[in-house]
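Hi there,

Here is the structure I promised to pass on to you. Have a look at it first, and then read on for what turned up.

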Amino acid sequence: MFDKVKKNGTELLGKTNRIVEGTSIIGDIVSKADFRLDGELIGNFTSQGKLVIGASGIVKGEIICNNADIEGEFQGKIKVLEILNIKASAKIHGEVVVGKLSIEPGAEFTATCTMLTNNTKEVTLKDGKRTE
């Protein structure tokens, strides 16, 4: 009577998982859908969607995702294939690899930054100078 249809990854995009403030996770998270983190993650995060680290969110580890907005704290290595938005309240420490980068005034950004070019070759900026 009711046929269950399996959902593939594209049907999950636009839906958001959430870790609320006061929650701590030690380990790795893998998600096909968007994700909002207002708690703490010590470990790695991988997603085909967008990651939002809220103002109370803290991540220590490695992140790989398509898009990200950071309002809270991040320490480690982050690779964002498309756009990384860093809000004024954010604190970023470590290594950043991005397609496009937006940093609001007031953000704390202590990191090396590598920009992905159209042919996916990584171009590294160090002290404002390009190194390849």
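Let me start with the strand pairing. Strand S5 (residues 40–42) runs parallel to S8, and three bridges link the two. Within that pairing, Ile-42 sits opposite Lys-60 of S8. Strand S6 (residues 45–47) also pairs with S8 in the parallel sense, over two bridges, and there Phe-45 has Ile-63 as its bridge partner. S8 and S10 are parallel too, with eight bridges between them. Ile-63 turns up again here, since its bridge partner in S10 is Ile-78.

Please keep in mind that this is a predicted model. The protein has 132 residues, 31% of which count as buried, and its secondary structure consists of one helix and 14 strands. The exposed surface comes to about 8,100 Å², with carbon and sulfur atoms supplying 50% of it. The contact pattern may interest you as well: of the contacts between residues at least 6 apart in sequence, 3% join residues at least 24 apart.

Now to the interior. Nonpolar side chains in soluble globular proteins tend to be buried together. Here, the largest nonpolar core contains 23 residues, and Leu-51, Ile-63, Ile-70, Ile-78 and Leu-84 have the most contacts inside it. At least two core residues come from each of S4 (34–37), S7 (50–53), S8 (58–65), S9 (67–70), S10 (73–86) and S11 (91–103). S10 provides the largest share, five residues. So which residues does Leu-51 touch, not counting those up to four places away in sequence? They are Phe-35, Phe-45, Ile-63, Cys-65, Asn-67, Ala-68 and Asp-69. Ile-63 and Phe-45 in that list are the bridge partners mentioned above.

Cys-65 brings me to the cysteines. Cys-65 is buried, at 1% relative accessible area, and Cys-113 is buried as well, at 8%. How many disulfides does a search of the whole structure find? The search returns zero.

Two polar residues are also worth a look in the viewer. The first is Arg-18, which lies in strand S1 (residues 16–19). Is Arg-18 buried or exposed? Its relative accessible area is 54%, and the cut-off for exposed is over 50%, so Arg-18 counts as exposed. Beyond its neighbours within four places in sequence, Arg-18 is in contact with Arg-36 and Asp-38. With Asp-38 there is a polar contact of 2.9 Å between the two side chains. As for Arg-36, its C-alpha lies 4.8 Å from that of Arg-18, although the two are 18 residues apart in sequence.

The second is Ser-31, in strand S3 (residues 29–31). Why does Ser-31 count as buried? Its relative accessibility is 9%, and buried means under 20%. A polar atom of the Ser-31 side chain lies 3.1 Å from the backbone oxygen of Ala-33. Leaving out residues up to four places away in sequence, Ser-31 touches Asn-17, Thr-46, Ser-47 and Gln-48.

If you open just one view, I would centre it on Ile-63, which pairs with Phe-45 of S6 and with Ile-78 of S10, and touches Leu-51.

Best wishes, and happy browsing!

Definitions and conventions. Residues numbered from 1 in each chain as written. Predicted model: local features only at pLDDT ≥ 70, side-chain atom pairs only at ≥ 80, totals over all residues. Heavy atoms only, no water. Helix = DSSP H or I, 4+ residues; strand = E, 2+ residues; numbered from the N terminus. Buried < 20%, exposed > 50% of the residue type's maximum accessible area, 1.4 Å probe, protein only. Contact = heavy atoms within 4.5 Å. Areas by Shrake-Rupley, 256 points an atom, 1.4 Å probe, with all protein chains shown as cover. Polar contact = N/O pair within 3.5 Å; in protein donor to acceptor, adjacent residues only side chain to side chain. Core = buried A, V, L, I, M, F, W, Y, C linked by side-chain atoms within 4.5 Å. Pairing = 2+ DSSP bridges. Disulfide = S-S within 2.5 Å.
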